[in-house]
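Work through the exercises below with the structure open beside you. Try each task yourself before you read the solution that follows it.

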Amino acid sequence: MSTVATPGVGLAIVCVVLVAGAAVVYRVARLGPMITAPAAAVRAVVQLAAVASVLAVALAHLWSSLLVLLVMFGAAVVTATRRSDAGWSGAWLVLSLSAGAVAALLPMLVSGVVPMTGIAVVPVGGIVLGGAMTATSLAARRALDALIVGHGEFEAALSLGFTDRDARWEVVIRTASDALLPGVDQTRTVGLVTLPGAFVGVLLASGSAVQAAAVQVLVLLGLLLAQSVAVAVTVELISRGWIQRRAHESN
């Protein structure tokens, strides 16, 4: 008996009910425009339909799978740059995401724990990239906000003889832990509060609970490393002044 939902009228009705419920809550609680949830849902359906069509072909070959992963990486860089509100200087975040992804994926691939096949590399790589993207964009945004709010602290550090880099670092380093908190909390509460996607995916694919737990631990620990490295690089780039808030790029 199938344990996952398959496309059909029943699934479509449930999805419509869920989206409509979210839209109503947006309206009643004044959380934002009522169209927000339906628009996001339509976008998700279109994107997933397109991705499913591409992956059905791409995952058959390693080279095409790596190409898909490269496109995902590009999307992650663009998203992190936009969320950081750093304008063109946010393009330096490519270093943060590259460092985080390589740090986590390289040991997995070299050891053979994650086989060099499209069906393995793309899902694991996508999860790692997604986590690194979220942490990077949050770190950049928080750090740049801190530099604006804490400009006085920056000037005070300069007056004490700190270099520009060290003065900025003193201001922004406190925001790094905030960017890492969601990932740390997810790891701490896994199995107690949530059953993440990798765990559920293995179970739905008829894997054992032990196999599902092993895969999930691998993914979570990979995310911890990827996010830690990405945030550390982001903080360093901002401390060196390579990434600045959009309004200050002309200064």
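**Exercise 1.** At what angle do helix H3 and helix H5 pack, and how far apart are their axes? Decide also how the two helices run relative to each other, and give the handedness of their crossing.

*Solution.* Keep in mind throughout that this is a predicted model. Two packed helices are described by the angle between their axes and by the distance between those axes.

Step 1: Helix H3 covers residues 62-84 and helix H5 covers residues 118-149, and they pack at an angle of about 15 degrees, with their axes 9 Å apart.

Step 2: Angles under 35 degrees count as roughly parallel, and therefore H3 is roughly parallel to H5.

Step 3: The crossing of H3 and H5 is right-handed, and the residues in the contact of H3 with H5 comprise 14 nonpolar, nine polar and two charged ones.

**Exercise 2.** Describe the chain as a whole, beginning with its helices and strands and going on to its buried share.

*Solution.* Step 1: The chain contains nine helices and zero strands, so that its elements, read from the N terminus, follow the order α-α-α-α-α-α-α-α-α.

Step 2: The chain has 251 residues, of which 33% count as buried.

Step 3: When contacts between residues at least 6 apart in sequence are considered, 68% of them join residues at least 24 apart.

**Exercise 3.** Which residues of the largest nonpolar core touch the most other members, and which helix supplies the largest share of this core?

*Solution.* Step 1: The core has 41 residues, and those touching the most other members are Leu97, Val124, Val128, Val172, Val231, Ile238 and Ile243.

Step 2: At least two residues of this core come from each of H3, H4 (93-111), H5, H6 (151-159), H7 (164-189) and H9 (209-239), while the largest share, 14 residues, is supplied by H5.

Step 3: For Val124, once neighbours within four places in sequence are left aside, the contacts are Leu105, Met108 and Val114.

**Exercise 4.** Is Ala132 buried or exposed, and which residues does Ala132 touch when those up to four places away in sequence are not counted?

*Solution.* Step 1: Ala132 lies in helix H5.

Step 2: Buried means under 20% relative accessible area, and Ala132 counts as buried because its relative accessibility is 0%.

Step 3: Not counting residues up to four places away in sequence, Ala132 touches Leu97, Ala226, Gln227 and Ala230.

Step 4: Ala132 and Leu224 are 92 residues apart along the chain, yet their C-alpha atoms are separated by 8.9 Å.

Conventions: Residues are numbered from 1 along each chain as its sequence is written. This is a predicted model: local features need pLDDT of at least 70, side-chain atom pairs count only at pLDDT 80 or more; totals for chains, interfaces and linings use all residues. Side-chain values use heavy atoms; hydrogens and water are left out. Axes are lines fitted to C-alpha atoms, for helices over the stretch in contact, and angles run from 0 to 180 degrees between N-to-C directions. Helices (H or I, at least four residues) and strands (E, at least two) are DSSP runs, numbered from the N terminus. Angles under 35 degrees count as roughly parallel, over 145 as roughly antiparallel, 65 to 115 as roughly perpendicular and the rest as oblique. A crossing is left-handed if the near helix is turned anticlockwise from the far one by less than a right angle, and right-handed if clockwise. Ala, Val, Leu, Ile, Met, Phe, Trp, Tyr, Cys and Pro count as nonpolar, Asp, Glu, Lys and Arg as charged, and the others, Gly among them, as polar. A nonpolar core is a set of buried Ala, Val, Leu, Ile, Met, Phe, Trp, Tyr and Cys residues joined through side-chain atoms within 4.5 Å. Buried means under 20% relative accessible area, exposed over 50%, partly exposed in between (1.4 Å probe, protein chains only). Contact means heavy atoms within 4.5 Å.
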